[in-house]
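Please open the model in your viewer and keep the sequence panel beside it. The stops below are meant to be followed in order, with a new selection at each one.

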Amino acid sequence: MAALVATSMGVVREVLGDSVVDEVDEPIVDYIANVLADQDFDFGPPDGHGIFDALGELLIDARCVYDREHCLEVCAKLCEKLGSHGIVKPKQAVRSLAAPLRMNAGMEEEKAPKKTEYIFDAPPLSSRDKAKIERNKRKEDRQREAQYEMHVAEMEALRAGMPPVYVNHSNVGGSTIRDIHMQNFSVTVGGRDLIQDQTLTLAFGRHYGLIGRNGTGKTSLLRAMAQHAIDGIPRNCQILHVEQEVTGDDTTALQCVLNADVERVQLMQEEARLGQQLKDLEDETESNQSVDKIKDGLDKDAIGKRLEEIYKRLEYIDADAAEARAASILAGLSFTPEMQLKNTKAFSGGWRMRIALARALFIEPDLLLLDEPTVVTDILHLHGKKLHAYKGDYDTFERTREEHLKNQMKAFETNEKARGHMQEFIDKFRYNAKRALLVQSRIKALERMEHVDAVVSDPDYKFEFPTPEDRPGPQSLASGFVSNPCISSFMEAPSSLPIDASFGYPGGPILFKNLNFGIDLDSRIAMVGSNGIGKSTILKLISGDLQPTSGTVFRSPKVRMAVFSQHHVDGLDLTVNPLLYMMRCFPGVPEQKLRSHLGSFGVSGNLALQSMYTLSGGQKSRVAFAKITFKKPHIILLDEPSNHLDLDAVEALIQGLLIFQGGVLMVSHDEHLITGSVDELWAVTDGKVGPFRGTFKEYKKMLTT
């Protein structure tokens with residue numbers, strides 16, 4: 001072997017030249033010679049391509065050759081010279097058979113006996129072992145429930161500890177809070193750092209949109225700001241986070257907004273109470289001249305004095321104009337005068353969220369935090385535990401960010417190339433005494449060189465809806481309502497059947513009468529209409545969650561239907577992780593199959609093993625999608641599916657729905673989702689459902705006109 005290596009080394013020096021070989025590090029030259037001397041080395045064809053495939057990149061990087069073509073030429077020469085020394089051995093020629101050869105000729109025709117398979121069964125569990133396993137399961141369940149209850153208690157304590165936000169009448173000339181400067185702050189939830197060492201300035205009068213992927217900490221940041229948990233927020237700064245809809249009760253929408261002015265409510269209640277006391281005192285005085293005080297010791301003069309103070313304060317805070325201002329705000333949010341006098345419990349979730357927004361606008365806090373902004377002037381992008389500020393709206397943000405990423409990539413590549421050249425020089429001459437000073441200067445320059453971060457791209461989202469393998473025939477796909485046959489042309493698909501159905505909630509008026517439509521596996525439909533018109537009610541009628549007041553709804557037993565509710569979180573067991581939740585929903589299914597299905601909606605790795613109460617709203621939505629689609633539904637009903645999803649997730653949802661080979665009927669206000677995933681609009685208006693012949697933009701334009 002030593003003789004072959006010596007011969008190989010001589011050939012290398014002969015072909016490359018002594019001057020070139022002497023400039024290359026000795027270990028590299030030794031490695032090349034040893035590879036070529038290896039008896040098992042495949043030199044390939046006689047043109048040296050085998051040498052090029054194995055050593056070409058090393059020869060180019062070590063500056064032994066100029067470029068690729070020069071390297072191919074050198075490899076061919078090496079192969080030729082090594083062949084002349086007997087190192088390159090010719091391969092044996094391959095001979096074709098003149099006729100097919102039967103490999104089992106002469107062998108016995110009897111089949112070889114099959115190898116016996118041994119199945120090793122685990123020893124059967126005793127009743128004691130089974131009881132022990134059950135006890136351990138119950139113990140784990142109790143521990144998970146205790147952790148969840150502790151989490152809920154902590155959240156309630158945080159909400160209770162939030163500074164009260166109400167109409168502040170102390171600053172008559174306007175808010176004294178201007179810009180807010182938050183420096184070197186971090187946000188941590190459950191021991192996990194979401195934001196690290198960031199500085200943020202919010203300028204007075206600006207509208208910021210906080211964007212970022214689900215789970216990055218957007219809502220956690222808003223909550224921390226609302227709780228004044230970040231240094232730099234003035235203690236007297238009123239921050240209102242509109243996170244939940246108002247509770248439905250017997251309070252009217254108008255009074256619910258007026259109740260946000262706590263001082264006004266308290267003054268008016270005290271005025272009514274003192275007025276009644278004064279009336280009682282006057283009645284007793286008329287019957288008994290000696291009575292000039294009531295039970296609590298107040299006399300007429302004291303009551304009159306306090307009432308005078310109350311009237312002055314009510315006049316000062318302009319209490320008489322409060323009702324008109326509240327009504328104006330509600331009217332701006334599409335509440336008619338009749339709707340303003342309805343109880344909040346009579347409104348749908350979307351309308352109750354509008355009431356919460358009206359309360360916030362009525363309060364006029366120093367800083368208003370909304371989870372779903374629509375009009376912004378600046379963008380705050382949360383990515384990689386860092387906040388990046390961008391001027392302009394979302395379109396401007398996308399253009400600016402794309403340009404920024406391109407520049408960052410160029411800077412990173414330039415920086416890495418310069419570092420690579422310096423490191424290559426250092427490695428090459430590290431032990432060369434003649435160039436020791438140059439090596440030291442390169443090392444110092446490398447240490448001083450600014451570090452440029454690599455561009456880290458977010459992993460692609462995916463929504464992979466499983467394809468139903470058992471597609472029913474067209475006559476068995478109907479799911480809908482049909483009134484009289486004279487209007488059956490509304491849905492011309494063969495799946496439509498003449499069914500008469502109407503609906504109204506018990507004790508209330510008929511909401512829908514003589515509905516007429518159907519859906520099948522080719523349907524791509526979005527129902528549009530104002531909040532509270534009954535779109536979600538129609539979905540519940542189709543799914544069977546509600547039954548028609550009269551008539552029937554035909555649902556083929558062969559059709560599997562999946563329903564995504566806008567309140568899907570209520571149906572999730574937040575005490576467990578997504579994988580355990582799926583295992584409980586589908587017992588007996590192999591764990592790997594459930595993991596794979598969760599992964600098709602982006603719930604994979606550690607995320608699938610994380611307690612669901614720690615997940616963001618968008619991550620919980622993806623778990624809900626995985627649960628409802630596991631049995632491969634033929635038709636999917638979606639009620640506001642884009643709620644809580646970030647922009648990338650909505651785009652992935654659109655792509656998933658386009659590929660899905662089944663029917664889709666959705667209720668949504670998301671223009672991008674509707675235009676990207678459906679091809680038909682149904683308009684819901686005043687107890688009727690009808691097709692809208694136009695685009696979603698045209699529908700919105702029609703509403704404004």
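Which residue in E14 stands opposite methionine 561? Select methionine 561 and then isoleucine 635, for it is isoleucine 635 that stands opposite it in E14. Bear in mind throughout that this is a predicted model.

**The sheet of six strands**

Extend the selection to E13 and to strand E14, residues 635-639, which pair in the parallel sense over 4 bridges. Both belong to an open sheet of 6 strands, which you can follow in the order E13-E14-E15-E10-E16-E17 and in which the pairing is mixed. At its edges you will find strand E13 (561-564) and strand E17 (688-692), each of which pairs on one side only. If you look along the sheet, neighbouring strands are turned by 20° against each other on average, direction ignored.

Next, add helix H16, residues 535-543, which lies across strand E10 (524-528), E13, E14, strand E15 (663-667), strand E16 (680-685) and E17, and which runs at about 155° to E14. Helix H19, residues 617-629, can be selected after that; it lies across E13 and E14, and its direction is at about 165° to E13.

**The sheet of three strands**

Now move to another open sheet, in which 3 strands follow the order E3-E6-E7 with mixed pairing. Strand E3 (208-211) and strand E7 (386-391) stand at the edges with a single partner strand each, so one side of each is left without a neighbour in the sheet. From one strand to the next, the twist averages 20°.

Select E3 together with strand E6, residues 378-383, and you will see a pair in the parallel sense that extends over 4 bridges. Within this pair, isoleucine 211 has histidine 381 in E6 as its bridge partner. Helix H7, residues 218-226, packs on the sheet and touches E3, E6 and E7, while its direction makes about 130° with that of E3.

**A pair of helices**

For the last stop, select helix H1 (residues 2-16) and helix H5 (residues 68-84), which pack at an angle of about 140° with their axes 10 Å apart. H1 and H5 are therefore oblique to each other, and H1 passes H5 in a right-handed crossing. To display the contact, show Ser8, Val11, Val12, Glu14, Val15 and Leu16 of H1 along with Val74, Lys77, Leu78, Lys81 and Leu82 of H5. Coloured by character, the residues of the contact of H1 with H5 divide into 7 nonpolar, 1 polar and 3 charged.

Terms used: Residues numbered from 1 in each chain as written. Predicted model: local features only at pLDDT ≥ 70, side-chain atom pairs only at ≥ 80, totals over all residues. Heavy atoms only, no water. Pairing = 2+ DSSP bridges. Helix = DSSP H or I, 4+ residues; strand = E, 2+ residues; numbered from the N terminus. Axes fitted to C-alpha atoms, helices over the stretch in contact; angles between N-to-C directions. Contact = heavy atoms within 4.5 Å. Parallel < 35°, antiparallel > 145°, perpendicular 65-115°, else oblique. Left-handed = near helix turned anticlockwise from the far one by under 90°. Nonpolar A, V, L, I, M, F, W, Y, C, P; charged D, E, K, R; others polar.
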